[in-house]
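Reader: I am new to this structure and would be glad of a careful, close look at one part of it. Please start there, and then lead me on to the side chains, step by step.

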Amino acid sequence: MGSLSVSLCGIELDNPVIPASGTFGYGYEYAELYDINELGTFSFKGTTKDPRFGNPTPRIAECTSGMINAVGLQNPGVEKVISEELPKLKKCFHKPVMANVSGFSVDDYAYTCRLLDQQEQVGWLEVNVSCPNVHGGGMSFGTQPEAAAAVTRAVKAVTTKPVIIKLSPNVTDIVSIAKACEDAGADGISLINTMLGMRIDLRTRKPIIANKMGGFSGPAIYPVALRMVYQVANAVQIPVVGMGGVSSAEDVIEMMLAGATAVEVGAANLVNPYICRDIIRDLPRVMEKYRITALKDMIGGAN
(Lines give C-alpha, C1' and ligand atoms only; values in the text may rest on other atoms or scores of the structure.)
Protein backbone atom coordinates (compact mmCIF):
# COMPACT_ATOMS: atom_id res chain seq x y z
CA MET A 1 0.00 0.00 0.00
CA GLY A 2 1.22 3.51 -0.81
CA SER A 3 2.08 6.06 1.86
CA LEU A 4 -0.79 8.27 3.01
CA SER A 5 1.23 10.40 5.45
CA VAL A 6 1.82 14.14 5.10
CA SER A 7 3.42 16.82 7.28
CA LEU A 8 1.32 19.89 8.13
CA CYS A 9 3.31 22.78 9.58
CA GLY A 10 5.87 20.34 10.96
CA ILE A 11 3.36 17.91 12.52
CA GLU A 12 3.04 14.47 10.93
CA LEU A 13 -0.41 13.24 9.90
CA ASP A 14 -1.15 9.57 9.18
CA ASN A 15 -3.25 10.81 6.26
CA PRO A 16 -4.38 14.21 4.94
CA VAL A 17 -8.11 13.84 5.70
CA ILE A 18 -9.49 16.29 8.29
CA PRO A 19 -13.18 16.80 9.19
CA ALA A 20 -13.87 20.53 8.97
CA SER A 21 -14.91 22.74 11.85
CA GLY A 22 -18.62 22.94 12.52
CA THR A 23 -19.34 19.52 11.01
CA PHE A 24 -17.65 17.27 13.58
CA GLY A 25 -18.54 18.81 16.95
CA TYR A 26 -15.76 18.24 19.47
CA GLY A 27 -15.04 14.78 18.09
CA TYR A 28 -16.38 12.54 20.82
CA GLU A 29 -19.85 12.59 19.25
CA TYR A 30 -18.45 10.80 16.19
CA ALA A 31 -16.28 8.53 18.35
CA GLU A 32 -19.49 6.69 19.21
CA LEU A 33 -19.71 5.64 15.55
CA TYR A 34 -16.10 4.68 14.70
CA ASP A 35 -12.51 5.04 15.89
CA ILE A 36 -11.78 8.67 15.05
CA ASN A 37 -8.06 8.00 15.46
CA GLU A 38 -8.23 6.81 11.84
CA LEU A 39 -8.42 10.51 10.90
CA GLY A 40 -5.37 12.61 10.13
CA THR A 41 -6.81 15.02 12.68
CA PHE A 42 -9.98 17.13 12.86
CA SER A 43 -10.87 20.77 13.35
CA PHE A 44 -13.21 21.15 16.30
CA LYS A 45 -16.28 23.37 16.50
CA GLY A 46 -15.63 27.09 16.11
CA THR A 47 -14.77 28.54 19.52
CA THR A 48 -15.15 32.13 20.69
CA LYS A 49 -14.07 34.01 23.81
CA ASP A 50 -17.59 34.08 25.27
CA PRO A 51 -20.46 31.57 25.03
CA ARG A 52 -22.74 32.02 22.00
CA PHE A 53 -26.29 30.80 21.58
CA GLY A 54 -26.02 31.29 17.82
CA ASN A 55 -28.49 32.67 15.30
CA PRO A 56 -32.29 32.30 15.52
CA THR A 57 -33.91 29.32 13.80
CA PRO A 58 -34.45 28.15 11.13
CA ARG A 59 -30.70 27.95 10.48
CA ILE A 60 -30.43 25.40 7.66
CA ALA A 61 -31.86 25.23 4.15
CA GLU A 62 -31.27 22.49 1.60
CA CYS A 63 -30.42 23.31 -1.99
CA THR A 64 -29.24 21.59 -5.15
CA SER A 65 -25.90 19.86 -4.52
CA GLY A 66 -25.42 21.47 -1.14
CA MET A 67 -26.87 23.28 1.84
CA ILE A 68 -27.02 26.72 3.42
CA ASN A 69 -26.42 27.17 7.13
CA ALA A 70 -26.41 30.11 9.51
CA VAL A 71 -25.74 28.46 12.85
CA GLY A 72 -23.85 31.52 14.08
CA LEU A 73 -20.91 29.95 15.92
CA GLN A 74 -22.96 28.42 18.71
CA ASN A 75 -20.46 27.25 21.34
CA PRO A 76 -19.96 27.27 25.12
CA GLY A 77 -17.02 29.71 25.08
CA VAL A 78 -13.32 28.98 25.34
CA GLU A 79 -13.17 28.43 29.11
CA LYS A 80 -15.80 25.67 28.98
CA VAL A 81 -14.25 24.16 25.86
CA ILE A 82 -11.01 23.80 27.83
CA SER A 83 -12.59 22.59 31.08
CA GLU A 84 -15.34 20.34 29.67
CA GLU A 85 -14.97 19.52 25.97
CA LEU A 86 -11.23 18.81 25.70
CA PRO A 87 -11.17 16.34 28.63
CA LYS A 88 -13.98 14.35 26.97
CA LEU A 89 -12.12 14.44 23.67
CA LYS A 90 -8.89 13.23 25.27
CA LYS A 91 -10.57 9.95 26.21
CA CYS A 92 -11.25 9.04 22.59
CA PHE A 93 -8.74 10.94 20.41
CA HIS A 94 -5.02 10.48 20.92
CA LYS A 95 -3.56 12.80 18.29
CA PRO A 96 -3.06 16.58 18.13
CA VAL A 97 -6.34 18.32 17.33
CA MET A 98 -6.93 21.49 15.32
CA ALA A 99 -8.57 24.26 17.34
CA ASN A 100 -10.85 26.50 15.28
CA VAL A 101 -11.14 30.04 16.65
CA SER A 102 -13.38 32.97 15.76
CA GLY A 103 -13.80 36.41 17.25
CA PHE A 104 -15.44 39.82 17.09
CA SER A 105 -12.31 41.90 17.69
CA VAL A 106 -8.56 41.44 17.36
CA ASP A 107 -8.36 41.20 21.15
CA ASP A 108 -10.99 38.42 21.13
CA TYR A 109 -8.92 36.35 18.73
CA ALA A 110 -5.74 36.87 20.73
CA TYR A 111 -7.41 36.00 24.05
CA THR A 112 -8.98 32.77 22.79
CA CYS A 113 -5.90 31.63 20.88
CA ARG A 114 -3.61 32.30 23.84
CA LEU A 115 -5.68 30.01 26.07
CA LEU A 116 -6.02 27.24 23.49
CA ASP A 117 -2.32 27.43 22.61
CA GLN A 118 -1.57 26.30 26.18
CA GLN A 119 -3.56 23.07 25.81
CA GLU A 120 -1.48 19.96 25.25
CA GLN A 121 -4.06 18.41 22.92
CA VAL A 122 -4.05 21.36 20.51
CA GLY A 123 -1.63 20.96 17.62
CA TRP A 124 -2.69 23.83 15.35
CA LEU A 125 -4.79 26.97 15.69
CA GLU A 126 -7.13 27.42 12.72
CA VAL A 127 -8.12 31.08 12.94
CA ASN A 128 -11.41 31.73 11.19
CA VAL A 129 -11.54 35.21 9.68
CA SER A 130 -14.18 34.07 7.24
CA CYS A 131 -17.53 33.19 8.82
CA PRO A 132 -20.29 34.53 6.53
CA ASN A 133 -23.22 34.31 8.94
CA VAL A 134 -22.13 36.26 12.03
CA HIS A 135 -22.73 39.99 12.29
CA GLY A 136 -19.85 42.16 13.45
CA GLY A 137 -17.03 39.64 13.20
CA GLY A 138 -15.74 36.65 11.34
CA MET A 139 -15.86 37.45 7.65
CA SER A 140 -15.40 41.18 8.17
CA PHE A 141 -11.80 40.43 9.18
CA GLY A 142 -11.27 38.19 6.16
CA THR A 143 -12.35 40.53 3.37
CA GLN A 144 -9.46 42.99 3.63
CA PRO A 145 -5.74 42.12 3.62
CA GLU A 146 -4.93 44.64 6.36
CA ALA A 147 -7.61 43.30 8.74
CA ALA A 148 -6.64 39.66 8.18
CA ALA A 149 -2.98 40.56 8.72
CA ALA A 150 -3.83 42.38 11.97
CA VAL A 151 -5.54 39.28 13.37
CA THR A 152 -2.62 37.13 12.25
CA ARG A 153 -0.03 39.33 13.95
CA ALA A 154 -2.04 39.52 17.19
CA VAL A 155 -2.47 35.75 17.38
CA LYS A 156 1.17 35.00 16.50
CA ALA A 157 2.30 37.36 19.27
CA VAL A 158 0.65 35.23 21.97
CA THR A 159 1.07 31.69 20.63
CA THR A 160 3.80 29.15 19.95
CA LYS A 161 1.89 26.58 17.91
CA PRO A 162 1.27 26.73 14.14
CA VAL A 163 -1.34 29.32 13.17
CA ILE A 164 -3.42 28.56 10.07
CA ILE A 165 -5.64 31.41 8.85
CA LYS A 166 -8.98 30.31 7.37
CA LEU A 167 -10.05 32.55 4.49
CA SER A 168 -13.36 33.50 2.93
CA PRO A 169 -14.17 32.92 -0.76
CA ASN A 170 -16.52 35.92 -0.66
CA VAL A 171 -13.84 38.32 -1.89
CA THR A 172 -12.56 39.59 -5.22
CA ASP A 173 -8.87 38.79 -4.62
CA ILE A 174 -8.19 35.92 -2.22
CA VAL A 175 -4.49 35.80 -3.17
CA SER A 176 -3.74 39.26 -1.80
CA ILE A 177 -5.38 38.34 1.53
CA ALA A 178 -3.44 35.06 1.74
CA LYS A 179 -0.17 36.83 1.02
CA ALA A 180 -0.91 39.48 3.66
CA CYS A 181 -1.46 36.72 6.23
CA GLU A 182 1.78 35.02 5.19
CA ASP A 183 3.68 38.30 5.51
CA ALA A 184 2.15 38.78 8.98
CA GLY A 185 3.55 35.45 10.14
CA ALA A 186 0.87 32.85 9.37
CA ASP A 187 2.18 29.27 9.30
CA GLY A 188 -0.52 28.08 6.91
CA ILE A 189 -3.65 29.08 4.99
CA SER A 190 -6.96 27.22 5.17
CA LEU A 191 -9.56 27.69 2.41
CA ILE A 192 -12.28 27.96 1.49
CA ASN A 193 -14.95 28.65 4.05
CA THR A 194 -18.56 28.64 2.85
CA MET A 195 -19.80 30.94 0.12
CA LEU A 196 -22.69 33.31 0.79
CA GLY A 197 -26.09 32.10 -0.35
CA MET A 198 -29.81 32.11 0.36
CA ARG A 199 -33.12 30.36 -0.39
CA ILE A 200 -36.66 31.80 -0.56
CA ASP A 201 -39.81 29.87 0.33
CA LEU A 202 -42.30 30.18 -2.54
CA ARG A 203 -45.28 29.76 -0.20
CA THR A 204 -44.33 32.42 2.34
CA ARG A 205 -42.30 34.47 -0.16
CA LYS A 206 -39.71 35.03 2.54
CA PRO A 207 -36.13 33.81 3.05
CA ILE A 208 -36.08 30.30 4.53
CA ILE A 209 -33.27 31.08 6.96
CA ALA A 210 -34.06 33.52 9.78
CA ASN A 211 -30.69 35.18 9.13
CA LYS A 212 -31.84 35.63 5.48
CA MET A 213 -28.41 34.56 4.14
CA GLY A 214 -25.95 31.89 5.23
CA GLY A 215 -22.97 29.80 4.28
CA PHE A 216 -23.42 27.76 1.10
CA SER A 217 -21.47 24.49 1.16
CA GLY A 218 -21.49 21.07 -0.47
CA PRO A 219 -20.40 19.53 -3.80
CA ALA A 220 -21.61 22.54 -5.83
CA ILE A 221 -18.80 24.75 -4.52
CA TYR A 222 -15.98 22.26 -5.17
CA PRO A 223 -14.72 23.75 -8.48
CA VAL A 224 -14.56 27.23 -6.91
CA ALA A 225 -12.69 25.86 -3.90
CA LEU A 226 -10.25 23.97 -6.12
CA ARG A 227 -9.54 27.10 -8.16
CA MET A 228 -8.86 29.20 -5.07
CA VAL A 229 -6.62 26.55 -3.50
CA TYR A 230 -4.64 26.44 -6.75
CA GLN A 231 -4.30 30.23 -6.87
CA VAL A 232 -3.21 30.60 -3.25
CA ALA A 233 -0.87 27.60 -3.23
CA ASN A 234 0.94 29.11 -6.21
CA ALA A 235 1.26 32.48 -4.47
CA VAL A 236 2.48 31.57 -0.96
CA GLN A 237 5.33 29.53 0.47
CA ILE A 238 3.40 28.18 3.47
CA PRO A 239 1.16 25.07 3.51
CA VAL A 240 -2.42 25.26 2.29
CA VAL A 241 -5.31 23.24 3.74
CA GLY A 242 -7.95 22.81 1.04
CA MET A 243 -11.67 22.34 1.53
CA GLY A 244 -15.03 23.07 -0.06
CA GLY A 245 -17.36 20.38 -1.40
CA VAL A 246 -14.92 17.50 -0.87
CA SER A 247 -16.75 14.17 -0.72
CA SER A 248 -14.49 11.44 -2.17
CA ALA A 249 -10.94 10.09 -2.23
CA GLU A 250 -10.64 11.41 -5.78
CA ASP A 251 -11.57 14.89 -4.55
CA VAL A 252 -8.85 14.71 -1.89
CA ILE A 253 -6.15 13.84 -4.41
CA GLU A 254 -7.38 16.50 -6.84
CA MET A 255 -7.17 19.10 -4.04
CA MET A 256 -3.61 17.96 -3.29
CA LEU A 257 -2.67 18.27 -6.96
CA ALA A 258 -3.97 21.85 -6.78
CA GLY A 259 -1.54 22.50 -3.93
CA ALA A 260 -3.23 21.40 -0.70
CA THR A 261 -1.05 19.69 1.90
CA ALA A 262 -4.12 18.43 3.78
CA VAL A 263 -7.82 18.39 2.91
CA GLU A 264 -10.84 19.11 5.09
CA VAL A 265 -14.25 17.52 4.58
CA GLY A 266 -17.22 19.59 5.73
CA ALA A 267 -20.85 19.31 4.61
CA ALA A 268 -20.41 15.66 3.57
CA ASN A 269 -20.10 14.73 7.28
CA LEU A 270 -23.67 15.92 7.78
CA VAL A 271 -24.92 13.68 4.98
CA ASN A 272 -22.84 10.61 5.89
CA PRO A 273 -21.17 10.60 9.32
CA TYR A 274 -18.78 7.88 8.14
CA ILE A 275 -17.58 9.81 5.08
CA CYS A 276 -14.10 10.73 6.36
CA ARG A 277 -13.42 7.17 7.48
CA ASP A 278 -14.65 5.86 4.13
CA ILE A 279 -12.51 8.32 2.16
CA ILE A 280 -9.38 7.32 4.12
CA ARG A 281 -10.06 3.63 3.52
CA ASP A 282 -10.66 4.28 -0.19
CA LEU A 283 -7.47 6.31 -0.75
CA PRO A 284 -5.22 3.25 -1.29
CA ARG A 285 -7.52 2.00 -4.07
CA VAL A 286 -7.51 5.35 -5.85
CA MET A 287 -3.75 5.71 -5.37
CA GLU A 288 -3.21 2.31 -6.98
CA LYS A 289 -5.54 3.21 -9.86
CA TYR A 290 -3.50 6.34 -10.64
CA ARG A 291 -0.12 4.78 -9.77
CA ILE A 292 0.52 7.03 -6.78
CA THR A 293 3.05 5.66 -4.30
CA ALA A 294 3.04 8.56 -1.80
CA LEU A 295 0.28 11.13 -1.34
CA LYS A 296 2.77 13.83 -0.29
CA ASP A 297 4.26 13.64 -3.80
CA MET A 298 0.92 14.89 -5.18
CA ILE A 299 1.07 18.27 -3.40
CA GLY A 300 1.14 20.95 -6.09
CA GLY A 301 1.53 18.35 -8.82
CA ALA A 302 -0.76 20.21 -11.20
CA ASN A 303 1.42 23.31 -11.22
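Author: Strand β8, which covers residues 163–166, pairs with β9 in the parallel sense, and three bridges make up this pairing. Please keep in mind throughout that the model is a predicted one. Within the pairing, the residue that faces glycine 188 of β9 is isoleucine 164. Strand β9 itself runs over residues 188–191, and its side chains alternate, with Gly188 and Ser190 pointing one way while Ile189 and Leu191 point the other way. On both sides of β9 these residues are buried.

A second place to look at strand pairing is an open sheet of four strands, whose order is β4-β5-β13-β10 and whose pairing is antiparallel. Its edges are formed by β4 and by β10 (195–197), each of which pairs on one side only. On average, and with direction ignored, neighbouring strands of this sheet are turned by 35 degrees against each other. At the β10 edge, the partner is strand β13 (residues 214–217), and the two are joined in the antiparallel sense over three bridges. Here methionine 195 has phenylalanine 216 of β13 standing opposite.

From the strands we can turn to the rings, where the count comes to five aromatic pairs. In one of them, the ring centres of phenylalanine 24 and tyrosine 30 lie 4.0 Å apart with the planes at 15 degrees, and the pair is therefore stacked, since planes under 30 degrees apart count as such. Both phenylalanine 24 and tyrosine 30 are buried. Another pair joins tyrosine 26 to phenylalanine 44, with centres 5.4 Å apart and planes at 45 degrees, so this one is tilted. Because tyrosine 26 belongs to the loop between β3 (17–19) and α1 (28–31), and phenylalanine 44 to the loop between α1 and β4 (60–63), the pair ties together parts that are 18 residues apart in sequence. Tyrosine 26 and phenylalanine 44 are likewise both buried. The ring pairs also build a cluster, in which Phe24, Tyr30, Phe42 and Phe93 are linked.

Rings can also be found under charged side chains. Lysine 49 places its charged end over the ring of tyrosine 111, at 4.9 Å from the centre of that ring. In the same manner of description, arginine 277 lies over the face of tyrosine 34, and the distance to the ring centre is 5.8 Å.

The cysteines deserve a separate word, for the count of disulfides is zero. For cysteine 9, the closest cysteine sulfur is that of cysteine 181, and because it is 13 Å away, it is too far for a bond. For cysteine 92, the closest one belongs to cysteine 276 at 15 Å, which is again too far for a bond. Cysteine 92 has a relative accessible area of 19%, and it is buried because the limit is set at under 20%.

Finally, consider threonine 261, which is found in the loop between α8 (249–258) and β15 (262–265). With a relative accessibility of 8%, threonine 261 counts as buried. Once its neighbours within four places in sequence are left aside, threonine 261 is in contact with Val6, Ser7, Leu8 and Pro16, and further along the chain with Pro239, Val240, Met256 and Ile299.

Technical notes. Residues numbered from 1 in each chain as written. Predicted model: local features only at pLDDT ≥ 70, side-chain atom pairs only at ≥ 80, totals over all residues. Heavy atoms only, no water. Phe/Tyr/Trp six-rings, centres within 6.5 Å; stacked < 30°, edge-to-face > 60°. Buried < 20%, exposed > 50% of the residue type's maximum accessible area, 1.4 Å probe, protein only. Lys NZ or Arg CZ within 6 Å of the ring centre and 35° of its normal. Disulfide = S-S within 2.5 Å. Pairing = 2+ DSSP bridges. Axes fitted to C-alpha atoms, helices over the stretch in contact; angles between N-to-C directions. Contact = heavy atoms within 4.5 Å.
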